[in-house]
Amino acid sequence: IYAAAGVGSSTRMAKFDKDGRFLKHWGSTGSGAGQFNGVKALAIDAQGNIYAADAGNKRIQVFDAEGTFKSEFGNVGMPLAMCITPGTTGSSQVLYVSHAGDQDGMDDAAIYKVRLDGTVVGKFGSAGKQPKEFGLANSRDCRSEHELLGGEMTNWRVQRVLLKR
């Protein structure tokens, strides 16, 4: 189990065993590798790598299962919510990252489709209240590479998005 303390002056990530016993923590407040400024979401790929949406630093940081920093990438706006598509042997997983560029997510919003190496392969959506528009996404679930669910705070809804194959 991984958790992030993403608000305040003591930002860090923690690892717990399956029974909830604390194992370790890593990170601190800042902008360097392994430091955070508002972790908003975590996702884990099929290899056990942990992706942390470091919103205040406008980046995604990647760690191994023990918390060792591996890499980081930006170009996804201010990441607030994200998910990784289910992986199977031989299939490539992708990361969907919800971006909001303002406090309410109603001036600038989008979803980025990103390879796990940080390469952006697509972007869609905009801010608003209509279908396929988004208002401050605070949760994201990848049912598949073509079906996403997302919770929105400003619009008080969960929206299902089906993408063309």
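Thr11 has a relative accessibility of 3% and therefore counts as buried. The cut-off for that label is under 20%. The model examined here is predicted. Thr11 belongs to a loop, which links strand E1 (2-5) and strand E2 (12-16). The side chain of Thr11 reaches the backbone oxygen of Phe36, at 3.1 Å. Phe36 also appears among the contacts of Thr11 once neighbours within four places in sequence are set aside. The other residues on that list are Ala5, Gly6, Gly27, Ser28, Thr29 and Gly38.

The cysteines come next. The count of disulfides is one. The bond runs between Cys83 and Cys142, with an S to S distance of 1.9 Å. Cys83 lies in strand E10 (residues 79-84) and Cys142 in strand E16 (residues 137-144), so the link ties together parts that are 59 residues apart in sequence. A disulfide is a covalent bond between the sulfur atoms of two cysteines. The angle about the S-S bond is 75°, and the link of Cys83 and Cys142 is right-handed. Both Cys83 and Cys142 are buried.

The nonpolar residues were then grouped into cores. The largest nonpolar core contains 14 residues. Within this core, the residues with the most contacts are Tyr51, Ile60, Met82, Leu95, Val97 and Val114. At least two core residues come from each of strand E6 (39-44), strand E7 (50-54), strand E8 (59-63), E10, strand E11 (94-100) and strand E12 (109-115). Another core lies apart from this one and has nine residues. Val94, Ala109, Leu148 and Val161 are among the nine.

Val114 was followed further. Leaving aside neighbours within four places in sequence, Val114 is in contact with Leu95 and Val97. Both of these residues are also listed with Val114 among those with the most contacts inside the largest core. Val114 is in contact with Val94 as well, although Val94 is a member of the other core. The remaining contacts of Val114 are Phe73, Val76, Thr119, Val120 and Val121.

Strand pairing was examined for E8. E8 and strand E9 (residues 69-73) run antiparallel and are joined by four bridges. Ile60 has Phe73 of E9 as its bridge partner. Ile60 is thus placed twice in this account: it is listed among the residues with the most contacts inside the largest core, and it takes part in the bridging to E9. Phe73 likewise recurs, as a contact of Val114. E8 and E9 form a hairpin with five residues between the strands. In this hairpin, Gly67 takes a positive phi near 90°.

Notes:
Residues numbered from 1 in each chain as written. Predicted model: local features only at pLDDT ≥ 70, side-chain atom pairs only at ≥ 80, totals over all residues. Heavy atoms only, no water. Buried < 20%, exposed > 50% of the residue type's maximum accessible area, 1.4 Å probe, protein only. Polar contact = N/O pair within 3.5 Å; in protein donor to acceptor, adjacent residues only side chain to side chain. Contact = heavy atoms within 4.5 Å. Disulfide = S-S within 2.5 Å. Core = buried A, V, L, I, M, F, W, Y, C linked by side-chain atoms within 4.5 Å. Pairing = 2+ DSSP bridges.
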